[in-house]
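Please open the model in your viewer and set the side chains to sticks, so that aromatic rings can be picked out one by one. The tour below moves from ring to ring and says at each stop what to select.

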Amino acid sequence: MMVSESYTQQANPAFEAELAARTASRDAAFFLPHLRPGMRLLDVGCGPGSITLGLARAVSPGEVVGVDIQAAQVEQARALAASKEVGNVCFQAASVYALPFPDRCFDAAFANGVVMHLAEPVRALAELRRVLRPGGIAGVR
């Protein structure tokens, strides 16, 4: 089932600047103590990747995958990772309702500022749970 979302902040330069200023140490502080090196982590709604790169440092040498529904945000995130030479992270466009990953393939999942924008938040959270391994952890802010 395709869900049509209305994201009101798309192409808002002031809001996009705010997204780029986010950090894992500030915006994922509650989540960082639960991470450990070697984990495979999914960052849903990664935006320009500023939080994602901090998460990648926390789980290094583990892999972090950032997804965002907006291809332009994914491109910004890729550029940021390249400029900072962060090699354990990759980004792709994807919907939180249909994550392109097999069941139980992540140790952790993070979503910052995503759930409040969704028409079907419970469906999205169920999809996050699907990709988490048993005993995995989710951080939602």
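What follows is a walk through aromatic contacts in a predicted model.

Before selecting anything, keep in mind that a pair of aromatic rings is described by the distance of the centres and the angle of the planes. With ring centres required to lie within 6.5 Å, the count comes to four aromatic pairs.

Begin by selecting F30 and F110, whose ring centres are 6.2 Å apart and whose planes meet at 35 degrees, so this pair is classed as tilted. Colouring by secondary structure will show that F30 belongs to the loop between α2 (24–27) and β1 (41–44), while F110 sits in strand β4 (residues 106–111), so the pair ties together parts that are 80 residues apart in sequence. If you then display the surface, F30 is partly exposed, at a relative accessible area of 40%, whereas F110 is buried, with 0% relative accessibility.

Add F31 to the selection, and you have one aromatic cluster made up of F30, F31 and F110.

Next, select F101 and F106, where the ring centres lie 5.1 Å apart and the planes stand at 90 degrees, so the pair is edge-to-face. F101 is buried, with a relative accessible area of 11%, and F106 is buried as well, at 0%.

Finally, keep F106 on screen and add R40: which part of the F106 ring does R40 lie over? R40 is placed over the face of F106, at 4.3 Å from the ring centre.

Technical notes: Residues are numbered from 1 along each chain as its sequence is written. This is a predicted model: local features need pLDDT of at least 70, side-chain atom pairs count only at pLDDT 80 or more; totals for chains, interfaces and linings use all residues. Side-chain values use heavy atoms; hydrogens and water are left out. Rings of Phe, Tyr and Trp (its six-membered ring) pair if their centres lie within 6.5 Å; planes under 30 degrees apart count as stacked, over 60 as edge-to-face and the rest as tilted. Helices (H or I, at least four residues) and strands (E, at least two) are DSSP runs, numbered from the N terminus. Buried means under 20% relative accessible area, exposed over 50%, partly exposed in between (1.4 Å probe, protein chains only). A charge sits over a ring if NZ of Lys or CZ of Arg is within 6 Å of the ring centre and within 35 degrees of the ring normal.
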